[in-house]
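Here are some notes to read alongside the structure. They are arranged as numbered points, each of which can be checked by eye.

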There are 4 protein chains.
Amino acid sequence: MITNEYSIFETELTVRPDDIDMFNHVHNSKYLDYVLAARYEQMEKYYNMSWETFEKMGYGWVVAKVTINFKRPLKMGDKMIVRTGILEMNEKGSNVQFEIINKTTGKVSSDGIFDYVMIDLKTQRSCKVNEEMIKAYSI
Amino acid sequence: MITNEYSIFETELTVRPDDIDMFNHVHNSKYLDYVLAARYEQMEKYYNMSWETFEKMGYGWVVAKVTINFKRPLKMGDKMIVRTGILEMNEKGSNVQFEIINKTTGKVSSDGIFDYVMIDLKTQRSCKVNEEMIKAYSI
Amino acid sequence: MITNEYSIFETELTVRPDDIDMFNHVHNSKYLDYVLAARYEQMEKYYNMSWETFEKMGYGWVVAKVTINFKRPLKMGDKMIVRTGILEMNEKGSNVQFEIINKTTGKVSSDGIFDYVMIDLKTQRSCKVNEEMIKAYSI
Amino acid sequence: MITNEYSIFETELTVRPDDIDMFNHVHNSKYLDYVLAARYEQMEKYYNMSWETFEKMGYGWVVAKVTINFKRPLKMGDKMIVRTGILEMNEKGSNVQFEIINKTTGKVSSDGIFDYVMIDLKTQRSCKVNEEMIKAYSI
């Protein structure tokens, strides 16, 4: 994971049996859901500006682009650490790097970058991230 | 499938690879999603009062109870016919029976009953089904 | 929940953001996945005969029938307690009752019964549950 | 979409109601599942060397990397055209570009690239793509 000026936060998750696919691995698209689950927790726990806080203000975060590498598959029963950290955050949105670590082996299962934009929930269009938000997430 | 006074409608669906689980079968909870997909199509196509029509009026249909039998698993690539029909419809909601037929073998893969109630999308509480709606669905 | 001679076990789970549907509730079919996740954990933790133990012996547990009531929807961020207990277990399979409790309100979100049968993973056909297995689960 | 020497194939899919998320859009990770569904169909229909053919030979295709852009969200009831084409195929694997087009508007909903590697289903390790396979897919 690239070092940078922003903090890296960790969330522990467990593979759910319904995540398993025809190869007896976690299905590839579920890794995106793990990153979302981790960021959702971290928004409230570490940034003190939760998903629900944005929602009440009429905003939501949606993914504009994902680059994801699948390195070592997670399997039934595995526990993982999802580490995420902001790479860049400005009025246009934020880029978040992530690593999913298999808790048993300590090895990287998947890593990559999510580009997020903020949308106005009424118009469903992207909108500017304001100074207060950028400040809250600049830790 | 129990014969009754209401019409039986059919929707053809294809198993999606992400529906497959650790047994190389369609995962059990996905059958509920197939019934929802079939009813969604049939609401517009056959009853002429679509999901979106209810939504614009401020209503949504949610499931209150499901009884489902898993008889013969669907597999990767299978096509199915989802047959559904109302058993009862009144101001409290509707009960819909279904059968999922494997298109290749003609055999029943799954069957059961969904009990639906209508909710007011604003209050998220259940509300009365009106006469016009009952009439539209009494075919 | 029906009292009976078998133990009731509890597993805590958290709603994952990808479980949320068009009503901003947990999607109905996901409750089945929560019960599976709870039983999977409880098989290892409490019965001492895990999913993987059965798998190594060439067996798997599949669902033959589900009856499920949806009472109060879970939402984004909710934590739940999944309580399950065997109602009956014999050579043909087992029936497991469950209750999903919203951890914040203490109220029942969903309850019902799963009927399981054991399959031979090679033939994919149902097979007899032996005495040792029945004994391990008779707690 | 980048023009190239390989053919572009099209598959039509319909959004399933269980694909919808808290924003009343198709959930981001489901787009990966749509690409998989399209490739699965195209492997049999156009390349004449199906998923099951590889499976019988003891091989499977898994995703090593995905780059995906989310441009315009698909919604409840939408139909889409999934266009895919090989960018490169060699003994190490294949890179497949894709575009998901909203059938009603004709606009790009999502596009990107999947990098696939072939695995030996027994060892679960990546293995060489042979000449016959490369030839079958070089159309």
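1. A residue is called buried if 20 or more other C-beta atoms lie within 10 Å of its own, exposed if 12 or fewer do, and partly exposed in between. The model is a predicted one, and the cut-offs just given are applied to two of its loop residues. N24(D) has 16 C-beta neighbours inside 10 Å and therefore counts as partly exposed; its place is the loop between β1 (8–14) and α1 (30–45) of chain D. Q124(B) has 14 C-beta neighbours inside 10 Å, so this residue also counts as partly exposed, and it sits in the loop between β5 and α3 (131–136) of chain B.

2. These two residues also deserve a look for their backbone angles. Most residues other than glycine have a negative phi. Q124(B), although not a glycine, has a positive phi of about 60°, and for N24(D), likewise a residue other than glycine, phi is positive and near 60°.

3. The sheet that involves chains B and C is best followed strand by strand. It is an open sheet of 10 strands with antiparallel pairing, in the order β1(B)-β3(B)-β4(B)-β5(B)-β2(B)-β2(C)-β5(C)-β4(C)-β3(C)-β1(C). Its edge strands are β1 (8–14) of chain B and β1 (8–14) of chain C, each of which pairs on one side only. On average, and with direction ignored, neighbouring strands of this sheet are turned by 25° against each other.

4. Which strands of chain B can be traced pair by pair within this sheet? Strand β1(B) pairs with strand β3 (residues 79–90) of chain B in the antiparallel sense over 7 bridges, and the bridge partner of E12(B) in β3(B) is I81(B). Strand β2 (residues 59–70) of chain B and strand β5 (residues 108–120) of chain B are joined by 11 bridges, again in the antiparallel sense, with F70(B) standing opposite S110(B) in β5(B).

5. The place where the sheet passes from one chain to the other should be examined separately. Here β2(B) and strand β2 (residues 59–70) of chain C run antiparallel and are joined by 5 bridges; N69(B), for instance, stands opposite K65(C) in β2(C).

6. Helices pack on this sheet in both chains. Helix α1 (residues 30–45) of chain B touches β1, β2, β3, β4 (93–102) and β5 of chain B, and its direction makes about 70° with that of β3(B). Helix α1 (residues 30–45) of chain C lies across β1, β2, β3 (79–90), β4 (93–102) and β5 (108–120) of chain C, and it runs at about 70° to β3(C).

7. For chain A, the helix can be described by its length and its surroundings. Helix α1 (residues 30–45) of chain A has 16 residues and spans 23 Å from its first C-alpha to its last, which is close to the expected 22 Å. This helix, α1(A), is mostly covered, with 13 of its 16 residues buried.

8. Chains A and D meet through 15 residues of chain A in contact with 15 residues of chain D. On the chain A side, β2(A) gives the largest share, 10 residues, and by class that side has 8 nonpolar, 5 polar and 2 charged residues. Strand β2(A) pairs with strand β2 (residues 59–70) of chain D in the antiparallel sense over 5 bridges, and V66(A) stands opposite I68(D) in β2(D).

9. Chain D also touches chain C, with 8 residues of chain D in contact with 8 residues of chain C. The chain D side of this contact has 3 nonpolar, 3 polar and 2 charged residues.

Conventions: Residues are numbered from 1 along each chain as its sequence is written. Chains are lettered from A and ligands numbered from 1 in the order in which they are written. This is a predicted model: local features need pLDDT of at least 70, side-chain atom pairs count only at pLDDT 80 or more; totals for chains, interfaces and linings use all residues. Two residues are in contact if their C-beta atoms, placed from the backbone, lie within 7 Å. Ala, Val, Leu, Ile, Met, Phe, Trp, Tyr, Cys and Pro count as nonpolar, Asp, Glu, Lys and Arg as charged, and the others, Gly among them, as polar. Two strands pair if DSSP finds at least two bridges between them. Helices (H or I, at least four residues) and strands (E, at least two) are DSSP runs, numbered from the N terminus. Axes are lines fitted to C-alpha atoms, for helices over the stretch in contact, and angles run from 0 to 180 degrees between N-to-C directions. The expected span of a helix is 1.5 Å times one less than its number of residues.
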